[in-house]
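Biologist: Before I plan anything at the bench, could you take me through the aromatic rings and how they pair?

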Amino acid sequence: MVASLDNVRGLTLAMSSSAFIGSSFVIKKVGLKKAGDNGVRAASGGFSYLYEPLWWLGMITMILGEVANFAAYAFAPAVLVTPLGALSIIFSAVLAHFILKENLHMFGVVGCILCVVGSVGIVLHAPKERKIDSMKEIWHLATQPGFIVYSCVAVACVLFLIFRVVERSGHRLMLVYIAICSLMGSLTVISVKAVAIALKLSFGGSNQFIYVQTWFFIVVVTICCLVQLNYLNKALDSFNTAVVSPVYYVMFTILTIVANMIMYKDWASQTATQIATQLCGFVTIVAGTFLLHKTRDMGNPPPPPPDQMCLQEAGECAPRSMTSSS
């Protein structure tokens, strides 16, 4: 791919986006912890984090990252922008290790690497984007039967998870929260891409905001982002940040690529070798995700024996019976 000024701008924006978003996971987790110490935790339905300045700092950081990512799609093709989202995993895991003291086991590191390699492999072998000249063309693609079916299935799954699964298993199964965020995220990316193209065309002299379809996509972006934000907070408050970040990236990337494939019908322009390479990427991602789940607690120290209690002030441990008798 020939380098251009637009590609360099998109590349820079995408890399800064990953840095902001990866950092926001950790900053928000610190804010959620502080808020949980002073009120009802987000995982239990509380909203005390709204009064915590650190949580808002994390939100601002995430918004800056999303704005940079949004702008990157306007300047560079998705084949350049999407793989760089993997960098947010590295930023998040490193900061969580040093700030939150959340240790990631060596096998977890291997799982992260597998996730990144698989995701990058899929995107690098994905077909090129088609050229879009108007919002009407995007709307025509979005109203094709295939994408309508995908959208309905995604929304139905999200509603089922929210109203039937979250209350019973959400606090125990991280994938419940992540699935909601990822399904809504795939629709968010489709809508964000449509709005970004509308802005680019409008700045180029062809106003796309005269079409009601443009405003429809803006509304979809707003609703999906609010749902993602709510359940991402619950996931961060309940589970290890170093695991939430890569698993969310993996599932989000898979569903986003599937949604784009369905909407833009890119499979038709690919060779058997390209399709096979993408399938291998999917297998690699699944292997990495499985490894992350199986080793997510191996990096943390084991809890103390039940018959002992640590005296934090004295810096030593004493048997529970001794402390009780004293």
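What follows is a short exchange about aromatic pairs and their surroundings.

Modeller: This is a predicted model, in which local features need pLDDT of at least 70, side-chain atom pairs count only at pLDDT 80 or more, and totals for chains, interfaces and linings use all residues. Residues are numbered from 1 along each chain as its sequence is written, and side-chain values use heavy atoms, with hydrogens and water left out.

Biologist: How many aromatic pairs are there by this rule?

Modeller: Rings of Phe, Tyr and Trp (its six-membered ring) pair if their centres lie within 6.5 Å; planes under 30 degrees apart count as stacked, over 60 as edge-to-face and the rest as tilted. By that rule the count of aromatic pairs is 10.

Biologist: Which geometry do W139 and F217 form?

Modeller: Their ring centres lie 5.9 Å apart. With 75 degrees between the planes, the aromatic pair of W139 and F217 is edge-to-face.

Biologist: How many residues apart are W139 and F217 in the chain?

Modeller: Helices are DSSP runs (H or I, at least four residues) numbered from the N terminus. W139 sits in helix α6 (residues 135–142) and F217 in helix α9 (residues 212–238), so the pair links distant parts of the chain, 78 residues apart.

Biologist: Is F217 buried or exposed?

Modeller: Buried means under 20% relative accessible area, exposed over 50%, and partly exposed in between (1.4 Å probe, protein chains only). Because its relative accessibility is 4%, F217 counts as buried.

Biologist: Which residues do ring pairs link into a cluster with F25?

Modeller: One tilted pair has 5.9 Å centre to centre and 35 degrees between the planes, and its members are Y248 and F252. Ring pairs link F25 into a cluster with Y248 and F252.

Methods. Helix = DSSP H or I, 4+ residues; strand = E, 2+ residues; numbered from the N terminus.
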